[in-house]
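Reader: Got a minute to walk through this one with me? I'd like to go residue by residue and then look at how the inside is put together.

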Amino acid sequence: MEKQKIAVLGPGSWGTALSQVLNDNGHEVRIWGNVPEQIDEINQKHTNTRYFKDVVLDETIKAYTDLAQALDGVDAVLFVVPTKVTRLVAKQVAETLDHKVVIMHASKGLEPDTHKRLSQVLEEEIPASLRSEIVAVSGPSHAEETIVRDITLISAASKDLDTAKYVQNLFSNHYFRLYTNNDVIGVETAGALKNIIAVGAGALHGLGYGDNAKAAIIARGLTEITRLGVRLGANPLTYSGLSGVGDLIVTGTSVHSRNWRAGDQLGRGEKLEDIERNMGMVIEGISTTKAAYELAQELGVYMPITQAIYSVIYQGTTIDQAIKTIMSSEFREENEWS
């Protein structure tokens, strides 16, 4: 693939890791962010120590606070900003772009209040004349491992297969491999909702429960993620793939996962506001729990784990009470879908 110019919006851990992947593939990478000190550090020291203490980035990766400079003449734009600001940044991009580009996103969540998937938000804010069909880049991927070039396999999902293949070729190399998928609904809902289950899995660990409980919440969590996704129009097979069970395993079992760590600390009795303040990064599972709970209520989808976690975070229920509620709920068939 010939050299492409890529703007990566969001200098967080995942945005930084993906920037390095693209740079390794010979592309011109421009990182955009709104914290001048962080942008200066990337340009002058070639580090991003807020997220990676011992990683030195290639000096050809340039960072910008000026969005117009970052977008000037680019072939593609990758959104890696928190869910709650995706719409705001998309509006700014739409006002700044002066040519058509491939639009990708690698964030995982549902927009608060509207409950919309991120590709829907991007479609609404960026005119079709300025963009391709949106491509969602999602799957089992810790930035801490990708940044040291550990083997990572994820999905590129788009309604347009040619655009998905373009993104597949853009990123894929000897340690980072993408598979195409046309089920955007499935890939995006899987990526968003697994963060909720990861919070629950972390809480069980913090309370001292073992592997049996961990397996139970991951398996039953996947069931309710699939249940909601299929109601929204997803292909159920997506949830048995990389962006489904793959991402759920990596997020629901690892200390690298900020959602798992947040749940673990909740299970140990720490207060949510302290956890969020000390984490230093957005815990998407917290806001996604509210969005998914409200969406499930609206659609009449049975999501007991999501409801239990919602009750702990937003209604003051203790984790022990939430577990008792689930364990004493009515008996059901394992493959029941309503």
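Reader: Which residue does UniProt list for "active site"?

Author: Keep in mind that this is a predicted model. The label comes from an unreviewed UniProt entry, and annotations of this kind may be inferred rather than shown by experiment. The residue sits in helix α8, and the record gives it as Lys194.

Reader: Is Lys194 buried or exposed?

Author: Its relative accessible area comes out at 5%. Buried means under 20%, so with 5% Lys194 counts as buried.

Reader: Leaving aside neighbours within four places in sequence, what is Lys194 in contact with?

Author: Ile225 is one of its partners, and so is Lys108. The rest of the list is Asp247, Leu248 and Thr251.

Reader: Let's go next door, then. Which residues have the most contacts inside the largest nonpolar core?

Author: That core has 42 residues. α8, α9, α11, α12, α13, α14 and α15 each supply at least two of them, and the largest share, 10 residues, comes from α8. The two with the most contacts inside the core are Leu193 and Ile217.

Reader: And what does Leu193 touch, leaving aside neighbours within four places in sequence?

Author: Leu110 is on the list, along with Ile225 and Leu228. Ile225 also turned up as a contact of Lys194. Completing the set for Leu193 are Thr288 and Ala292.

Reader: How many residues are in the other core?

Author: This one lies apart from the 42-residue core. Its members include Ile39, Val55, Leu57 and Ile61. The count is 35 residues.

Reader: Back to polar side chains. Which backbone oxygen does the side chain of Thr289 reach?

Author: Thr289 is found in helix α13 and is buried, with a relative accessible area of 0%. Beyond four places in sequence, its contacts are Ile196, Thr306, Ile309, Tyr310, Ile313 and Tyr314. For the backbone oxygen, the distance is 2.6 Å, and the residue is Gly285.

Reader: Last one: which side chain makes a polar contact with that of Ser119?

Author: Ser119 is in helix α5, and its relative accessible area of 4% makes it buried. Not counting residues up to four places away in sequence, Ser119 touches His105, Ile134 and Val184, among others. The polar contact spans 2.8 Å, and the partner is Glu188.

Terms used. Residues are numbered from 1 along each chain as its sequence is written. This is a predicted model: local features need pLDDT of at least 70, side-chain atom pairs count only at pLDDT 80 or more; totals for chains, interfaces and linings use all residues. Side-chain values use heavy atoms; hydrogens and water are left out. A nonpolar core is a set of buried Ala, Val, Leu, Ile, Met, Phe, Trp, Tyr and Cys residues joined through side-chain atoms within 4.5 Å. Buried means under 20% relative accessible area, exposed over 50%, partly exposed in between (1.4 Å probe, protein chains only). Helices (H or I, at least four residues) and strands (E, at least two) are DSSP runs, numbered from the N terminus. Contact means heavy atoms within 4.5 Å. A polar contact is a pair of N or O atoms within 3.5 Å; within protein, one must be able to donate a hydrogen and the other to accept it, and residues adjacent in sequence count only if both atoms are side-chain atoms.
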